[in-house]
Amino acid sequence: MVRRYPEVMRALLLVGLAACTKFEDPNIVIDTRVLAMKATVPDQIVDVDLANPQDPVELLDQLVPTTMCALVADPNFDRPLRYSLTLCVLNNDERCREDGAKVVLAQGLLGDPDTTVPEPQMCGTVEPDGNLLGIVLEALDGDVLQGLGGVDYGVALRVGGDGVDPALDLFAGKTLRVSPRIPAARTANTNPRVDHFDAAKDGVDPQPLPMGRCVDQTAPLEIVPTQRVRITPVEPDGAREVYVVPTIDGKQETFTESLTYQWLAGGGSYSSGFTGGPRDVTGNPPPLFSDFRAPAADEIDGVTDIPIWIVQRDERLGAEWYESCIRVVPE
């Protein structure tokens with residue numbers, strides 16, 4: 001049966017603790033956790049006339065709906081999750097300002113995110129209406145640049161187990177942006193993407209990694225206990241967008257996106273929890289891959305399916321996630 005994996009004295013004390021304490025690996029998901037949030041349109045551009053400023057409603061007409069979704073894992077329980085997604089201006093804790101305007105986009109109860117088929121979608125849509133206009137104007141009111149670099153607003157997530165004390169709920173937030181087309185070559189960001197992921201057992205003979213949750217796959221990638229598999233994202237042409245931003249002297253700068261990858265799993269370990277990012281001081285690109293190591297045989301109970309999550313991000317609020325599964329088969 002396949003199972004889910006699922007201060008002088010202080011210094012001396014620390015030495016002792018190092019010998020007997022095992023700290024949790026932040027890349028291994030063992031409790032309920034918000035893994036990522038993404039928006040189908042993370043960044044929108046509006047055309048403005050600085051000589052004859054438009055009415056805010058005219059600018060609002062240039063916006064399109066934005067769908068915000070959250071990726072949540074709940075490996076230790078088989079239960080529904082209750083959630084809410086709220087449009088607002090976020091504070092530094094990624095929660096809605098206490099004294100600010102708030103609009104509930106979606107709320108309710110969804111099936112277990114790991115086992116429900118089809119996969120539940122924890123999503124809400126930001127409509128380009130008067131509610132959004134009010135939130136954007138509130139954000140603009142506190143912006144010292146008066147919107148030159150863009151106006152940031154957000155969506156706050158609250159999630160918890162069905163029937164569990166709300167005091168134990170988890171919170172997360174995602175920022176979105178509306179920017180003027182200054183300079184004229186400025187374009188809106190889109191979410192990053194990959195073509196596929198290569199998986200190379202023991203670092204050789206790469207093959208495409210099958211995608212989908214464990215519950216959705218009939219033939220996931222199989223490895224044996226403690227075996228390593230190198231997972232490498234393969235980016236399509238144009239995945240790293242070239243973009244321009246205004247500078248305070250009235251000019252502009254051009255950049256190419258730096259994509260990062262966050263590696264998460266329900267068990268085992270990774271050689272690196274984060275890969276990618278900007279080039280180093282000599283111009284060399286950073287590695288994108290991470291090596292996943294299966295748990296030892298005494299850490300599993302028979303054939304075990306381990307969920308894999310990979311979160312891809314750019315530096316302009318864009319994000320995408322990918323789900324997979326690795327089956328560990330004892331020898």
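This passage describes the disulfides of the predicted model and the burial of the cysteines that form them. A search of the whole structure finds 3 disulfides, and, when the bonded cysteines of the protein chain are numbered in sequence order, they pair as 1-4, 2-3, 5-6.

In one of these disulfides Cys69 is joined to Cys123, with an S to S distance of 2.0 Å, and the link of Cys69 and Cys123, with 110° about the S-S bond, is right-handed. Because Cys69 lies in strand S4 (residues 66-73) and Cys123 in strand S7 (residues 122-126), this pair ties together parts that are 54 residues apart in sequence. Both Cys69 and Cys123 are buried.

A disulfide is also formed by Cys88 and Cys96, whose sulfur atoms are 2.1 Å apart; the torsion about the S-S bond of Cys88 and Cys96 is about -80°, and the disulfide is therefore left-handed. Cys88 has a relative accessible area of 0% and is buried, while Cys96, with a relative accessible area of 12%, is likewise buried.

The sulfur atoms of Cys214 and Cys325 are 2.2 Å apart and form a disulfide, and the link of Cys214 and Cys325 is right-handed, with 100° about the S-S bond. Distant parts of the chain, 111 residues apart, are linked by this pair, with Cys214 placed in the loop between strand S11 (207-208) and strand S12 (221-223) and Cys325 in strand S21 (residues 319-328). Since buried means under 20% relative accessible area, Cys214 counts as buried at 17%, and Cys325, at 0% relative accessibility, is buried as well.

Technical notes
Residues numbered from 1 in each chain as written. Predicted model: local features only at pLDDT ≥ 70, side-chain atom pairs only at ≥ 80, totals over all residues. Heavy atoms only, no water. Disulfide = S-S within 2.5 Å. Helix = DSSP H or I, 4+ residues; strand = E, 2+ residues; numbered from the N terminus. Buried < 20%, exposed > 50% of the residue type's maximum accessible area, 1.4 Å probe, protein only.
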